[in-house]
Amino acid sequence: MATALLAVAGLPFALADEGDSLQEAAQAYPAVEQRQLVQALPEIPASLRTTLVASLEDPRSPADIWAGRQWLNDMEPRLARYVKDPSRRSELLRRIYHEARLAGLPPELVLAVIQVESAFQAEAVSSAGAVGLMQIMPFWIRELGLPADDLKDPWRNLRYGCTILAHYLAVEGGDLTRALARYNGSLGKTWYPERVMRAWQRHWRQPGDGGARAAAQR
């Protein structure tokens, strides 16, 4: 069975068989307190050790390629209000789609998080020190990456943000409201998840996609 590996800077982060639900993936994680940092998983068997490079080389079916193109065509005019340059807009959407799928996240959700966090400003730095598109706190470099990682690099920032959010979804057994609150550091409050869900529904939800509505009703 094919195995998917979430990684930052080539380091293993979460291992799950393709098709596993978030609830099943969550069994790999112990319960954690809000302030606990992500820890590296124990050594995994060599037979299951799949590199990020290998996962990226998996061939995509024609249906997947077609779906990806349709998604890009749908999202590009929506993003134009935030990213004026057409070539940068197209590349950003391709990266978001790729990183979201790699992490097992709806790419529309990632767009909503970025809208709320930084309004798509790669150079954004918050008063608390969070950096870039998905507003990553610098301590995550120590936990997940390499000292040389630049969180203002939009592609690296997306890798961090998608990986962190996927982790919190696993920790919370697929509860998106609690996972988003953890991502924001406001567990126990709902104002941040509500903002993200509103952005998802109003700006990024595709026709016929009930996922955002169902998640918002949790």
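A salt bridge is taken here as a side-chain nitrogen of Lys or Arg within 4 Å of a carboxyl oxygen of Asp or Glu. The model is predicted, so local features need pLDDT of at least 70 and side-chain atom pairs count only at pLDDT 80 or more, while totals for chains, interfaces and linings use all residues. Residues are numbered from 1 along each chain as its sequence is written, and side-chain values use heavy atoms, with hydrogens and water left out.

**Salt bridges**

Under the rule above, the count is ten salt bridges. Side chains of opposite charge can pair when their charged atoms come close. Three of the pairs are set out below.

| Pair | Closest N to O |
|---|---|
| Glu172 and Arg182 | 2.4 Å |
| Arg78 and Asp74 | 3.0 Å |
| Glu123 and Lys152 | 3.8 Å |

Glu172 and Arg182 form a salt bridge with their closest N and O atoms 2.4 Å apart. Glu172 sits in the loop between α7 and α8 (176-184) and Arg182 in helix α8, so the bridge ties together parts ten residues apart in sequence. Helices are DSSP runs (H or I, at least four residues), as strands are (E, at least two), numbered from the N terminus. Both Glu172 and Arg182 are buried, where buried means under 20% relative accessible area, exposed over 50%, and partly exposed in between (1.4 Å probe, protein chains only). Through salt bridges that share partners, Glu172, Arg178 and Arg182 belong to one network.

The bridge between Arg78 and Asp74 lies within a helix: the two residues are four apart in α3 (residues 62-79), a separation of about one helical turn. An α-helix has 3.6 residues a turn, so residues three or four places apart point the same way. Arg78 is partly exposed, at 21% relative accessible area, and Asp74 is also partly exposed, at 22%.

A salt bridge of 3.8 Å (N to O) joins the side chains of Glu123 and Lys152. This pair links distant parts of the chain, 29 residues apart, with Glu123 in the loop between α5 (107-118) and α6 (139-144) and Lys152 in the loop between α6 and α7 (154-171). Glu123 is exposed, with a relative accessible area of 54%, whereas Lys152 is partly exposed at 32%.

**Helices α7 and α8**

Helix α7 contains 18 residues and spans 26 Å from first to last C-alpha, close to the 26 Å expected at 1.5 Å a residue; the expected span is 1.5 Å times one less than the number of residues. Of its 18 residues, 16 are buried, so α7 is largely enclosed by the rest of the structure. At its start, a side-chain oxygen of Asp153 comes within 3.0 Å of the backbone nitrogen of Trp155. Gly173, just after α7, has a positive phi of about 60 degrees.

In α8, the buried residues include Leu176, Ala179, Leu180, Ala181 and Tyr183. At the start of α8, a side-chain oxygen of Asp175 lies within 3.1 Å of the backbone nitrogen of Thr177. Just after α8, Gly185 adopts a positive phi of about 80 degrees.

**Aromatic pairs**

Rings of Phe, Tyr and Trp (its six-membered ring) pair if their centres lie within 6.5 Å; planes under 30 degrees apart count as stacked, over 60 as edge-to-face and the rest as tilted. The count is six aromatic pairs. One of them is the tilted pair of Tyr82 and Phe120, at 5.0 Å centre to centre with 40 degrees between the planes. These partners are 38 residues apart, Tyr82 being in the loop between α3 and α4 (86-103) and Phe120 in the loop between α5 and α6. Phe120 is buried, with a relative accessible area of 2%. Together with Trp204, Tyr82 and Phe120 form one aromatic cluster.

Terms used
Polar contact = N/O pair within 3.5 Å; in protein donor to acceptor, adjacent residues only side chain to side chain.
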